[in-house]
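Work through the exercises below with the sequence and the coordinates at hand, and try each task before reading its solution.

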Amino acid sequence: MRVPVSWLRSYCDPPLDGPAIGARLNDAGIELGRIERVGVGSPDDFVVGRVVTAEQHPNADRLRVCTVDDGEPEPRTIVCGAPNVAAGQTVAVARPGATMPGGAVLGEATLRGVRSSGMILAEDELGIGPDHDGIVVLDDDHAPGTPLADVLPIHDEVLDLEISPNRPDCLGVYGVAREVHALTQAPLADDPTAADADARGDDRADACAHVEIADPDICLRFTARVFEDVRVGPSPQWLRARLTAAGQRPISNVVDITNYVMLATGQPLHAFDLDKVPNGHLVIRRALPHESIRTLDGVDRTLDRDNAVVADSTRAVGIAGVMGGADSEVGDSTTRVLMEAATWVGPNILRTSTALGIRTEASARFEKQLHPNGALAAQRMAARLMVELCGARLVPGTLDDYPRPLEPRTIELRDARVAKLLGEEIDGSEIASILSGLGFALSGDAHSIGERLADAGDSLLEQLAASGLVPAEQLRSYSLRDAIGRFVPGDATRTVTVPSFRDADVEREADLIEEVARVHGVDRLPTSLPARRRAVGRLSEPQRLRRRLEDALRDRGLFEVVSYSFTSPATLARLRVEAPIALANPLSEDQSVMRPLVLPGLLDAARHNAARGREAVALFESARAYGALTSVPTGTPAGATPASERHHIAAVLTQASPATWRSDVVPADFFAAKALVEHLLDVARVDAPLETADHPFLHPARQAAVKGIGWVGELHPAVAAEWDLGRVGGFELDFDAIAERSPGPRAYKPVSAFPPVVQDIAVVTPDDVPFAAVDAAVRSASDLLVGVAVFDVYSGPQVGEGRRSLALRLRFRAPDRTLTDADVAAERERIESALTGNGWSLRA
Amino acid sequence: MPEPTARLEQLRAEGLAAIEAAATVADAEHARTGVLGRRSELTALLRSIAELPPDQRGPVGKAANDVRRELESAAQARIDELAGAELQARLADDRVDVTLPGDPAASAGRLHLITATRREIEDVFVGLGFEVAEGPEVEFDYYNFTALNMPPAHPARALQDTFYISDEVVLRTHTSPMQVRAMERHGPPIYVVVPGRVYRRDSDATHTPMFHQIEGLAVDEDITLADLRGVLLEFARAIFGPEREIRLRSSYFPFTEPSVEVDVSCFNCDGSGSLPDGTRDPLCKGSGWIEVLGAGMVDPNVLGFVRDSGYDPERVQGFAFGLGVERIAMLRHGVPDLRLFFENDVRMLEQFG
């Protein structure tokens, strides 16, 4: 909402400059976007002038040489190119040295041999309108030399306010003025809608026109007035200047009046050429299926049952609350006008403007739900302007279909509640003054029961004193008032009547408290901390575990990335997985489905870095992956969630560790990825066996499932190539599953005070026997075995084709004694026979 | 002078010379054995003392023992001296180039700046008595809008461009839906912060379709707007420095009443609006204040949606706030463009966390 400060000051003029007014509004919740300067750079050297002579330029057909009285002793000579300049006109003059709207400083110039000292100005040269066809001609009652700024708003500020959707009343300049009044106590001018025009003539509006709401679910009120003898023409300069500063292009007096009243009051209007409405009959109904209309902007639009229309007896002539139709538009030849001011149903207007993709000044106001009282108020203001500016005659009578009149809303406000919510006692008189300043009416008993009792107590003591039964001095030390105040805390309650223009926004006591708080100043409230009861702040066990796992990866040299939760179907196709959830209105195909695994974001990040010269990376992400939608419950969801979401921790490596001056590069192979998985599971103290897996995006021979938790492996070379990557190791684990399995507090296990014995053993097996099988056989054979480590894996001629040797370091320890050679020999024998029992051989 | 005594003096001089002449530990050991060993003349002489006349045994024995001690100590000193020098030489040969890099290489990884910032903010609120909860990102329209006092076609819905999955399901546009979920699960009093990803259908230099918020909610019998101010002041000082002040301005959110915007005094210019050289501070645009979050008192209508869980709007009240994690990180670290957070360029990642 663009609010020209000069217009605002015509309603409320506090002793503050424009920025200060903007700041007060901003602090009170009427957000100030920015302050714009309109008009000329400086009002100095712009004056009223009178054209004394206007002669043809000797050397140029299109120029005149004028002498202009600008209040100085000698008239100045100005060469002017405007076709409408003529002797006797009162005009706007810029003297040399004047700063023009663009900031340029006007100098003297010689035009085709004639010295020109100044400029006679057109509207656009003053920054107060778009017109450049001719100079501005002013009323003759302004004396030459009068500062032009006293006559026209040539140097103004515009507050660009961002009005929140609950405040349609501030989509009008007078509404903003009311706020300024409440905030500054500067006087507020009378409501410009209060006074009506005088109707004249013997005819009646209901004889010329007829309006009817066919569907009260789409229209709360429809009013119309009829004007005869309308003379369509340009609006006066002051009106054009105000509209221009407020961001509206002046069109013609009738259309400008509808816009001006809307900008002043927030209530949009629409003017019909009554002669283009057959029989003057208008009906408010839903559009028929596929009904079409050509709107004012010349576009043909197709409507449906959800859209409200204003229709004549055969067809729609306007999309209700959004845009009028082209056919019944007011034009230069219009002499009879039907002025419409209606109250539409906000949600319906919002739906229509969204569906049709048209957002207008009118729809932006109607969608916020205006009050029906505003319609008639706007009619009054518009009628006065129609009479004044268009010479129109207001036909007696107002057509007014208002099927369900609204009663004013009243709310009980307890002063104690104000203090309880805000944390500060605000004086009752301040509460009353704030609310009445905003247009709320206060009634009822503002005094509390306690105060009434105290008043009664005072009068009791007075009577007692008057009676002479008790000496007056003795009574003076008594205060029933204080005693009552101790037992009956303030419970002042007022009945507040909400003004119609705040009806949609102020419904409850809390809304009134907000009004008090914001005008009082939320920044003036004290500072305290909650008196906490039963509130202990802590991270939950899974939250702590998640941080530990993230930290573990970080500490092993991985960088954490954050990538978008959505991806493209093409990306998932490259991974050969399906997208379970698609967006109905994605921004782009690239971000159109929710990712079922975190991997693609990591691959994108690896590619991004590789393309910038960083081929070797180790990255992880800790984020959600999205499963299928669940069924939508009927009624409220009652805690249900619409989709399965699991928190994943995933990583990709294109290198495990770099080559150094004394060690070789460690490639990002299966075992590099597995080392990280083992580390994470160890941190979480979760055991999860590896099992075979067949993820299509992984190397078929180098992948494994981490049972119930996720996968680890090398990326399929073909998939890696899609991301322009070479060998990629990675994993993706379901953190929620890890957290569910992570054990709670553990019991202490005694540690042995006796030394361990270490022995090595080498076992030769067929090479398809997994280490896990050997490990299990070894461990199950001995009770004193406390550790098994592989220190060599060998296949080659020494063990024969199709076989391999695993060298194991075994660690024995007893809890209660030092092991003897005989003890260890016995254990080893049991282990050896377990191994040979499986058909495996021992290597010397 | 008796003959044995003269010989002793000779042995002493010869022994000392031999020890002194040793150039290595081995030489020195050899010299010691030659001078003091079982087959040495000195040992023989000591053995023969018993054969001397009784009046000579005392003086000769003492002199011989003195010589032996002197030679022993000289030998030991020489050995120690030589061993020290030899160790010195050996260690000198062990010298490495200490400026070569450590190995195996163990570079530190980093948390993403969003995670680091989010955790820091969580920890501030944990310290203030809040728990941390997370909610679904694929969310019902009901929790994202309706239960937050934005029924269908409410004009405030237009304030946020929403990603829809179906008529009933959206990507949450804020972390606020978790207010209602948290209260459904947990009766009053409740003190909770909700970090998480949120989504808006918007993409330009200052908007990304996904970003991170932290929601705060405190509902108890007597939580006031003044308490909100106190909690947010603690937050601002913990994150932006102990000298910070905050400023409240009225605002509008459908689910709080009253609603406020919260500014923190600018840490770049200490709230003055200008830099030491007198130029306008670009961070706060000369105002001395930076907008950091929106907040307010929980709207009674929102409490009304969880009345069954013990939230009677006549009996309990509280505040809620929501802040953008990226915004806080951008302000603190001078990150110029929101999109940098999601490019995941290692050269950015390695600077933080």
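A residue counts as buried when its relative accessible area is under 20%, as exposed when this area is over 50%, and as partly exposed in between. The model used here is a predicted one.

**Exercise 1.** Decide whether Asn149(B) is buried or exposed, and describe its backbone and its place in the chain.

*Solution.* Begin with the location: Asn149(B) belongs to the loop that lies between α6 (141-144) and β3 (169-171) of chain B. Next, consider the backbone, where phi of Asn149(B) is near 70 degrees, a positive value in a residue that is not glycine. Finally, apply the cut-off: Asn149(B) has a relative accessibility of 17%, and therefore it counts as buried.

**Exercise 2.** Carry out the analysis for Asp45(A), giving its phi, its loop and its accessibility class.

*Solution.* The phi angle of Asp45(A) is positive, at about 70 degrees, although this residue is not a glycine. Asp45(A) is placed in the loop between β2 and β3 (46-56) of chain A. Its relative accessible area is 30%, so Asp45(A) is classed as partly exposed.

**Exercise 3.** Determine the strand order of the open three-stranded sheet in chain A, and then add the helix that packs on this sheet.

*Solution.* The order is β1-β11-β2 in chain A, and the pairing is antiparallel. The edge strands of the sheet are β1 (2-4) and β2 (31-39) of chain A, each of which pairs on one side only. Averaged over neighbouring strands, and with direction ignored, the turn of one strand against the next is 25 degrees. Helix α2 (residues 18-27) of chain A packs on this sheet, where it touches β2 and β11 of chain A, and its direction makes about 10 degrees with that of β11(A). As for the pairing itself, β2(A) and β11 (residues 155-162) of chain A run antiparallel and are joined by eight bridges. Within this pairing, Val38(A) has Asp156(A) in β11(A) as its bridge partner.

**Exercise 4.** Which residues are joined by the cis peptide bonds that precede Pro104(B) and Pro258(B), and where are these prolines found?

*Solution.* Take Pro104(B) to begin with: a cis peptide bond joins Asp103(B) to Pro104(B), with omega of about -5 degrees, and Pro104(B) is found in the loop between α4 (54-93) and α5 (113-127) of chain B. Turning to Pro258(B), a cis peptide bond with omega of about -5 degrees joins Glu257(B) to this residue, and Pro258(B) is found in strand β7 (residues 256-265) of chain B.

Key
Residues numbered from 1 in each chain as written. Chains lettered and ligands numbered in written order. Predicted model: local features only at pLDDT ≥ 70, side-chain atom pairs only at ≥ 80, totals over all residues. Heavy atoms only, no water. Pairing = 2+ DSSP bridges. Helix = DSSP H or I, 4+ residues; strand = E, 2+ residues; numbered from the N terminus. Axes fitted to C-alpha atoms, helices over the stretch in contact; angles between N-to-C directions. Contact = heavy atoms within 4.5 Å. Buried < 20%, exposed > 50% of the residue type's maximum accessible area, 1.4 Å probe, protein only.
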